[in-house]
Structures are given as structure tokens and as C-alpha cells.
Amino acid sequence: MIRDRGQFASYIAVTYIFVVLGGIFLHYLSTGDAYTLKFSLMLPSTLGAIIISGVVAWGLWNRFRWAWWLGIVAALFQLVRMSSWLSQHFSAAKLPGFGVLLVLALVLVFLIVLILPGTRAACAR
């Protein structure tokens with residue numbers, strides 16, 4: 001059961017990659033703007049999020065301790081980044097869209113799963 005928590009966190013990280021890429025491609029499919037697609041895929045923040053999520057997912061699947069720490073740091077960084085952006089762009093009257101809330105929920109669930117003692121115990125290599 002303990003090993004399953006690390007794999008569950010790995011699944012969440014892979015889901016995060018699919019949601020980020022899926023949002024970009026859904027926007028392209030709805031607008032047909034190829035420039036926006038190319039621009040979104042080449043943003044350093046997008047590339048960084050995809051690469052770090054992939055590395056964390058692979059590391060958690062193989063139960064590496066450094067992946068656990070990298071996942072904690074990356075999730076906290078993303079939460080700080082998202083919370084500052086949300087506080088500037090949205091108010092109580094205007095809530096963010098479903099995609100933003102989905103990403104926020106994924107990051108929170110990922111962080112909660114990582115904080116569980118069993119997940120850290122599972123990442124012992």
C-alpha cells in the first residue's frame with residue numbers, strides 16, 4: 001500500500017502534463033490560431049512545467065527521494081505562482097474558469113498526497 005501512494009502521486013503529475021498540454025491544444029482547436037499554439041508550446045514556463053512534472057513523475061514511480069523533494073518544491077512554487085496570479089486577475093465576483101480550477105486542484109491534491117507520511121516513506125531510494 002505504501003508504494004501505491006508514490007505511484008498515485010506519479011499519476012497526478014502525468015495528469016497535470018496532459019491537462020496543461022490539453023488546454024493549449026483545446027484553445028488551438030477552438031480558435032484555429034497556429035501562432036498561439038506555437039507561442040504557448042515554446043513558453044519557458046510551459047516547457048519547465050512539463051519537463052519538471054515528467055521528471056517528478058518518473059522519479060516518484062521509481063521511488064527516488066530527490067523526486068519527492070522536487071515534487072514538494074515544484075508544487076509549492078506553482079501554488080505561490082498561481083495564487084499571486086489569481087489574486088491579481090480575479091475577484092469574488094469573477095471566478096476563474098474550469099481549467100484554472102482544475103490545475104489548482106491537481107496541484108493541491110498532488111501536494112497533499114506527497115505530504116502524507118507513507119508517500120515519503122515509500123520514496124526511500
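Me: Buried means under 20% relative accessible area. With that cut-off in hand, is T119 buried or exposed?

Reply: Happy to start there, and please keep in mind that this is a predicted model. T119 sits in helix α6, which covers residues 117-122. Its relative accessible area is 0%, and because the cut-off is under 20%, T119 counts as buried.

Me: Which residues is T119 in contact with, leaving aside its neighbours within four places in sequence?

Reply: T119 belongs to helix α6, and its relative accessible area is 0%. With the neighbours within four places set aside, the residues in contact with T119 are R5, G6, W68, V113 and L114.

Me: Let me step back. What pattern does the protein chain follow along the sequence?

Reply: The protein chain has six helices and zero strands. Its C-alpha atoms fill a box of roughly 45 × 35 × 20 Å along the principal axes. Reading along the sequence, you meet the pattern α-α-α-α-α-α.

Me: How much of the protein chain counts as buried?

Reply: A residue must have under 20% relative accessible area to count as buried. The protein chain has 125 residues, and the share of them that counts as buried is 34%.

Me: Of the contacts with a separation of 6 or more, what share comes from residues 24 or more positions apart?

Reply: One example of a long sequence separation is L102 and Y16, which are 86 residues apart in sequence and 9.2 Å apart in space, C-alpha to C-alpha. That pair shows a distance between C-alpha atoms, whereas the share you ask about concerns contacts across the protein chain. Among contacts with a separation of 6 or more, residues 24 or more positions apart account for 70%.

Me: How far apart are the end C-alpha atoms of α4, and why does that agree with its 25 residues?

Reply: Helix α4 runs over residues 65-89. At 1.5 Å a residue, its 25 residues should span 36 Å, so the model agrees with the expectation: the end C-alpha atoms are apart by 36 Å.

Me: At what angle do α4 and α5 pack?

Reply: Helix α5 covers residues 98-115, and its axis is 10 Å from that of α4. The crossing of these two helices is left-handed. They pack at an angle of about 145°.

Me: How do the residues of the contact of α4 with α5 divide into nonpolar, polar and charged?

Reply: On the α4 side, the contact includes W68, G71, I72 and A75, while V100, V103 and L104 are among the residues that α5 brings. Several of the α4 residues named here are also buried, including W68, G71, I72 and A75. The contact divides into 17 nonpolar, two polar and no charged.

Me: What is the handedness of the crossing of α3 and α4?

Reply: The axes of α3 and α4 come within 9 Å and cross at roughly 145°. Residues that meet here include S45, I52 and V55 in α3 and W66, A67 and R81 in α4. The residues of this contact divide into ten nonpolar, three polar and one charged. The crossing is left-handed.

Me: Which residue has a positive phi although it is not a glycine?

Reply: Look in the loop between α3 (44-61) and α4. The residue there is partly exposed, with a relative accessible area of 27%. Its phi is about 60°, and the residue is R63.

Me: Which backbone oxygen does the side chain of S10 reach?

Reply: S10 lies in helix α1, which covers residues 2-31. With a relative accessible area of 4%, S10 is buried. Leaving aside neighbours within four places, it is in contact with residues including L60 and W61. Its side chain reaches, at 2.8 Å, the backbone oxygen of A57.

Me: Is L102 buried or partly exposed?

Reply: L102 is placed in helix α5. A residue needs under 20% relative accessible area to be buried. L102 has 31% relative accessibility, so it counts as partly exposed.

Me: How far apart in space are Y28 and V109, C-alpha to C-alpha?

Reply: Y28 lies in helix α1 and is partly exposed, with a relative accessible area of 28%. Not counting residues up to four places away, Y28 touches D33, A34 and L37. Y28 and V109 are 81 residues apart in sequence, and in space their C-alpha atoms are apart by 28 Å.

Terms used. Residues numbered from 1 in each chain as written. Predicted model: local features only at pLDDT ≥ 70, side-chain atom pairs only at ≥ 80, totals over all residues. Heavy atoms only, no water. Axes fitted to C-alpha atoms, helices over the stretch in contact; angles between N-to-C directions. Helix = DSSP H or I, 4+ residues; strand = E, 2+ residues; numbered from the N terminus. Left-handed = near helix turned anticlockwise from the far one by under 90°. Contact = heavy atoms within 4.5 Å. Nonpolar A, V, L, I, M, F, W, Y, C, P; charged D, E, K, R; others polar. Expected span 1.5 Å × (residues − 1). Buried < 20%, exposed > 50% of the residue type's maximum accessible area, 1.4 Å probe, protein only. Polar contact = N/O pair within 3.5 Å; in protein donor to acceptor, adjacent residues only side chain to side chain.
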